[in-house]
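Me: Got a minute to go through a structure with me? I'd like to take it piece by piece.

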Amino acid sequence: MIRLFLVAASGALLCGLLPAQSPQAPVPEPEARRLEYFAGTWDFRLEMKPSAFGSGGLVTGTDRNAMLPGGFFLVCRYETKSPVGEFRGLEVLGWDAAAKQYLEHGFDNRGQSHLYRGTVEGGTWTFTYDIPFEGRSMKGRIVLKELSPTLQSYRSDVSEDGKTWTTVLEGEMTKIR
């Protein structure tokens with residue numbers, strides 16, 4: 001059926017019935033372009049607070065981020081060393097115009113995946129997500145603040161009720177390239 005349509009459309013073009021125009025490439029919305037802030041290589045140094053998630057300690061790593069051609073999505077490849085192990089993963093972040101929020105889909109070397117939902121106000125990005133933990137569901141929140149074009153603060157909080165939050169990870173990320 002599709003082939004018949006393509007043959008008919010091609011014939012109509014040849015006969016001059018349809019205008020021969022190449023389609024316009026889509027243009028990213030300003031919200032998608034906003035993700036360009038994160039493009040580049042970022043090193044991070046964070047403090048993990050003692051909690052049910054671990055004993056605490058230093059978390060270090062690198063994010064290597066690039067916009068996909070077209071400018072709609074940011075792809076992040078990360079490497080992290082922490083008191084609870086070493087992690088590597090891939091995240092894709094984009095703007096969902098229908099939902100009016102950012103969506104980040106992530107996958108890591110432990111076989112886990114996540115979906116974060118985010119907003120930005122001024123230079124403060126806030127992402128929320130659900131955390132399965134010891135048979136129950138908790139809420140997570142990441143707050144990133146743009147301190148300069150090459151420096152951002154990072155904070156990760158958890159909550160059992162979505163109202164009272166406890167910080168479990170905090171520090172800075174520095175753009176090195």
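Reply: Sure. One term before we start: strands here are DSSP runs of E, at least two residues long, numbered from the N terminus. And keep in mind that this is a predicted model.

Me: Fine. How many helices and strands does the protein have, then?

Reply: There are two helices and ten strands. Reading from the N terminus, the order is α-α-β-β-β-β-β-β-β-β-β-β.

Me: Let's pick a residue. Where does Met173 lie?

Reply: Met173 is in strand β10.

Me: Buried or exposed?

Reply: Met173 counts as buried, because its relative accessibility is 6% and the cut-off for buried is under 20%.

Me: Which residues is Met173 in contact with, neighbours within four places in sequence aside?

Reply: Quite a list: Trp42, Asp43, Phe44, Asp63, Leu144, Thr150, Leu151, Gln152 and Tyr154. There's also a pairing across the sequence: Met173 and Arg45 are 128 residues apart along the chain, yet their C-alpha atoms are 6.6 Å apart in space.

Me: What share of contacts in the protein joins residues at least 24 apart?

Reply: Counting contacts between residues at least 6 apart in sequence, 33% join residues at least 24 apart.

Me: OK, the core. Which residues of the largest nonpolar core touch the most other members?

Reply: Tyr102, Trp125, Phe127, Ile142, Leu144, Tyr154 and Leu169, out of 28 residues in that core. At least two core residues come from each of β1 (40–48), β4 (85–96), β7 (124–133), β8 (136–148), β9 (151–159) and β10 (166–175).

Me: And which strand gives the largest share?

Reply: β7, with five residues. As a general point, nonpolar side chains in soluble globular proteins tend to be buried together.

Me: What about the protein overall, how much of it counts as buried?

Reply: 36% of the 177 residues. The accessible surface is about 11,100 Å², and carbon and sulfur atoms hold 57% of that.

Me: Switching to pockets. What's the volume of the largest pocket?

Reply: About 1,400 Å³. It is lined by 42 residues, and the closest to its centre are Arg110, Tyr116, Tyr129, Ile142 and Tyr154.

Me: How does the lining of the largest pocket divide into nonpolar, polar and charged?

Reply: 27 nonpolar, nine polar and six charged. Two names turn up twice, by the way: Ile142 and Tyr154 are among the residues closest to the pocket centre, and both are on the list of core residues that touch the most other members.

Me: Next, backbone. What is phi of Lys100?

Reply: Near 55°, so a positive value in a residue other than glycine. Lys100 sits in the loop between β4 and β5 (101–108), and it is exposed, with a relative accessible area of 63%.

Me: Then Gln101, buried or exposed?

Reply: Gln101 is buried, at 18% relative accessible area. It belongs to strand β5. Beyond its neighbours within four places in sequence, Gln101 is in contact with Gly94, Trp95, Asp96, Arg117 and Gly118.

Me: Last one. Where does Arg64 lie?

Reply: In strand β2 (residues 57–67). Arg64 is partly exposed, with a relative accessible area of 41%.

Me: What is Arg64 in contact with, again without the neighbours within four places?

Reply: Gly40, Thr41, Val75, Cys76, Arg77 and Glu79. As for Leu90, 26 residues along the chain from Arg64, the two C-alpha atoms are separated by 9.6 Å.

How values were computed:
Residues numbered from 1 in each chain as written. Predicted model: local features only at pLDDT ≥ 70, side-chain atom pairs only at ≥ 80, totals over all residues. Heavy atoms only, no water. Helix = DSSP H or I, 4+ residues; strand = E, 2+ residues; numbered from the N terminus. Buried < 20%, exposed > 50% of the residue type's maximum accessible area, 1.4 Å probe, protein only. Contact = heavy atoms within 4.5 Å. Areas by Shrake-Rupley, 256 points an atom, 1.4 Å probe, with all protein chains shown as cover. Core = buried A, V, L, I, M, F, W, Y, C linked by side-chain atoms within 4.5 Å. 1 Å grid on protein atoms, 1.4 Å probe; cavity = no way out; pocket = protein on both sides within 12 Å on 5 of 7 lines; lining within 4 Å. Points joined across faces, edges and corners; volume = space filled by probe spheres on them. Nonpolar A, V, L, I, M, F, W, Y, C, P; charged D, E, K, R; others polar.
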